[in-house]
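Trainee: Could you take me through one part of this protein in detail? I would like to see how a single strand sits among its neighbours, and then hear about the annotated site.

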Amino acid sequence: MSRIAAVRGALPPNRHTQGEIADAFARMCLPEGTDRALLDRLYASARVRHRHLSLPLDRYGKLDGFGAANDAFIEVGLELAAEAVGSALEAAGLTPYDVDMIMCTSVTGVAAPSLEARLAGRIGLRPDVKRVPVFGLGCVAGAAGIARVHDYLRGWPDHVAVLLSVELCSLTLQREDASVANMVAGALFGDGAAAVVMRGEEWRPRAPDSPGTPRSPGTPRSPEAPGQAETPGPVVVATRSHLYPGSGQMMGWEVSDTGFRVVLDAGVPDVVRTYLADDVHGFLADHGLTAGDVTAWVCHPGGPKVLEAVAETLELPPGALDVTWRSLAEVGNLSSSSVLHVLRDTLDLRPPPGTPGLIIAMGPGFCSELVLLRW
C-alpha cells in the first residue's frame, strides 16, 4: 500500500463571478443580436458561482489562435505547477530532491519538453527523477493518476512520487462557437492545478544525499535525518478502472485548426446511472465493505446532472457530496485537478481514522476510476 502524504492546489489570480464570465462569453461567441436566454439558463443551472481564469477576461478575445493559447498554457501552467508541487512537498515535510518520480497530467494544453521537465530545474528535482507525462485522460486523470502512482509505489515501495495536475480549461474556449457544448463548457469549467505527494510503505525519512549527486538505482537511502517525522495521511488500499462499452464518443476533444473543440454528450448522466452502482458496490464488496461503511465520498464535480446521477444511483445520504458541491460552486470543474481539490478539502475535515473513503472520477473513454482509501 502507498500513503498520501499531502495534497495542495493552486489557482490563478483572475477570479470572476459566473455573471462576468457569461457576459464575456456572449461577446466572444454569440453572433451579434443573438437572444442569450439559453446561454443565461445554462450558466445559471451550472451551479457555479466563481471561477479562476488563466488570463484577465479582456485578453481572451485577443488570443490569436491555438498557438497563442498554448503558449499561455505553458507560461501560466508552469507557475501553477511550481506553486502546487512546492506547497505539497512542504506540507509533507519533503524537498524536491526527495522526489523519485513525478507524473504530470493535463488535457488542456501540450508541451514538449513537458511541464514536469520544465519544472524540474526550476524547483530542484533530482536529475535522475523519473518523469511520466500523461495526456488524454481528462477529468478522470486526478483519480487515475493517484491509482497509477500507487501502482508505481508498489514496485518501488521506498520511493516518493508526486502527481501533478494542470488544467487551464478557459484557454480551450472556441470563439465564435455558439454550440450548446461550447456554452456548457464555458459555463462549467475553470482553471487550476493540484499536486499530490505519495510515498511507498517502506519509505523512511532520510538525510539529503550530496547535492548534485543522483542516487543510483539500488543504492540504499541515507540514514534517517533526526527530527523528521512521518506525515499522516490516508493509505491507498486498492484501485479499479472501467471502460464503458459504446460510449467512446461521449466526451473528449475534436482537434481543429483553432484548438480543442469540446465534445460533451447529454447522455453522460445516463451512463453513470447504468454502470456506476455495480462498479462501486462490487469494488467495495471485494474488500468486505458496503457503501454504508464509507465515511467520505471524494467525487469529481463533473457537473450538476452528473453529481445528481451519482447520488441517486449510489443512494447516498444527504450531504455525502457536500464537499464536491462546494468545490463546484467556488472554482467550477477543473477537469483532472478538481477531484484533487475535493480530496484536499476532505482531508481538512479529518474523516474518522481507520475508516474507508472512496475517490470517484469519470472521463473520456467513457470511463471511471475508483480509489479505495483508509483514512
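Mentor: Happy to; here is a close look at one strand, followed by the annotated residue. Keep in mind that this is a predicted model.

Let's start with β7, which spans residues 191-200. This strand is mostly covered, with 10 of its 10 residues buried. Its side chains split into two sets: D191, A193, A195, V197 and R199 point one way, while G192, A194, V196, M198 and G200 point the other way. Both sets are buried, so picking either direction from β7 gives you covered residues, because buried here means under 20% relative accessible area.

Now for the strands beside it. β1, made of residues 2-10, pairs with β7 in the antiparallel sense over 8 bridges. To find that pairing in your viewer, go to G9, whose bridge partner in β7 is A194. β6, residues 160-168, also runs antiparallel to β7, and 9 bridges join the two. Here a handy landmark is L163, which has V196 as its bridge partner in β7.

With the strand in view, turn to the annotated site. An unreviewed UniProt entry carries the annotation "active site" for C139. C139 is found in the loop that links β5 (130-135) and α6 (141-155). Because its relative accessibility is 8%, C139 counts as buried. If you set aside neighbours within four places in sequence, C139 is in contact with F189, H300, N333, S335 and S336. A361, M362, G363 and P364 are in contact with C139 as well.

Conventions. Residues are numbered from 1 along each chain as its sequence is written. This is a predicted model: local features need pLDDT of at least 70, side-chain atom pairs count only at pLDDT 80 or more; totals for chains, interfaces and linings use all residues. Side-chain values use heavy atoms; hydrogens and water are left out. UniProt positions are given in the numbering used here, feature names are shortened, and annotations may be inferred rather than shown by experiment. Helices (H or I, at least four residues) and strands (E, at least two) are DSSP runs, numbered from the N terminus. Buried means under 20% relative accessible area, exposed over 50%, partly exposed in between (1.4 Å probe, protein chains only). Contact means heavy atoms within 4.5 Å. Two strands pair if DSSP finds at least two bridges between them.
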